[in-house]
Amino acid sequence: MAENQTDGELYHADIQDIKRMIPHRYPFLLIDAVRDMKLGESAVGIKNVTMNEPHFQGHFPERPVMPGVTIVEAMAQTAAVLVVKTLDMIDNDMLVYFLTIDKCKFRHVVSPPDQLELHVKVVRGRGKLWKFYGEGKVDGKVVAEAEFQAMMVPPEEA
């Protein structure tokens, strides 16, 4: 558990906080908020799916479907916010690189105006290397799941 965290304390991040933690920006910043962060353990990202997102122009104009890869990317962004907060590395311009994506499954379509919840749990985390299990949920129903590993890198080491 991180210093200064009392047992069971939950942290939250709004869009301004997120932009201080990860380098992603529009159109590739895919989360709007992160809530219920238990440092070193878990977090829930929030993605409000709206019709004005650029991928819906071609995926698919008559029946918009959020691409599965962007759901997994949103999970990874949620996980990155959790790691940055856990390591107290806010404003350090940390870069996040995917290393693996395993056991990835897409179970239901995500479309506007869904609110996608991205539940991520730390499987293993040490230093730069972290492994997670993530589930995307809409209205409590699992729409996607994956295990993934990422590496956190300060800009001077990139």
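Me: Where is Pro27 found?
Reply: Pro27 is found in the loop between H1 and S2, where helices (H or I, at least four residues) and strands (E, at least two) are DSSP runs, numbered from the N terminus. This is a predicted model, in which local features need pLDDT of at least 70 and side-chain atom pairs count only at pLDDT 80 or more, while totals for chains, interfaces and linings use all residues. Residues are numbered from 1 along each chain as its sequence is written, and side-chain values use heavy atoms, with hydrogens and water left out.

Me: What kind of peptide bond joins Tyr26 and Pro27?
Reply: The bond between Tyr26 and Pro27 is cis, with omega at about 5°. A cis bond also runs from Pro112 to Pro113, with omega near 5°, and Pro113 sits in the loop between strand S4 (95-106) and S5.

Me: Why is Pro113 called exposed?
Reply: The relative accessibility of Pro113 is 76%, and the label exposed is given over 50%, whereas buried means under 20% and partly exposed covers the values in between (1.4 Å probe, protein chains only); Pro113 therefore counts as exposed. The C-alpha atoms of Pro113 and Val49 are 5.5 Å apart in space, although 64 residues separate the two in sequence.

Me: What is given for the phi of Asp36 and for that of Asp88?
Reply: Phi of Asp36 is near 55°, a positive value in a residue other than glycine, and phi of Asp88 is likewise near 55° and positive. Asp36 belongs to strand S2, whereas Asp88 is placed in the loop between H2 and S4.

Me: How do you know whether Asp36 and Asp88 count as exposed or partly exposed?
Reply: Asp36 has 25% relative accessibility, so it counts as partly exposed. Asp88, at 62%, counts as exposed because that value is over the upper cut-off.

Me: What makes His59 partly exposed, and what does UniProt list it for?
Reply: His59 has a relative accessible area of 25%, which falls between the two cut-offs and therefore makes this residue partly exposed. The unreviewed UniProt entry lists His59 for "active site"; UniProt positions are given in the numbering used here, feature names are shortened, and annotations may be inferred rather than shown by experiment. His59 lies in the loop between strand S3 (42-48) and helix H2 (68-86). Leaving aside neighbours within four places in sequence, His59 is in contact (heavy atoms within 4.5 Å) with Pro64, Val65, Met66 and Pro67.

Me: Why are Met75 and Thr78 called buried?
Reply: Met75 has a relative accessible area of 0%, so it is buried, and Thr78, at 0% relative accessibility, counts as buried too. Met75 lies in helix H2, and Thr78 has its place in helix H2 as well. Neighbours within four places in sequence left aside, the contacts of Met75 include Leu118, Gly134, Ala144 and Phe148, while those of Thr78 include Ile31, Ala43, Gly45 and Val120. Met75 and Ala144, 69 residues apart along the chain, have C-alpha atoms separated by 9.8 Å.

Me: Why does Ser42 count as buried?
Reply: Ser42 has 18% relative accessibility and counts as buried because this value is under the lower cut-off. Ser42 is placed in strand S3 and, not counting residues up to four places away in sequence, touches Asp36, Met37, Leu82, Val120 and Lys121.

Me: How many residues has the largest nonpolar core, and which have the most contacts inside it?
Reply: The largest nonpolar core (a set of buried Ala, Val, Leu, Ile, Met, Phe, Trp, Tyr and Cys residues joined through side-chain atoms within 4.5 Å) has 38 residues, and those with the most contacts inside it are Val81 and Leu116. Among the elements that give two or more residues to this core are helix H1 (15-21), strand S2 (33-38), H2 and strand S5 (115-126). H2 provides the largest share, ten residues. Outside its neighbours within four places in sequence, Val81 has contacts that include Ala13, Ile18, Met21 and Val34.
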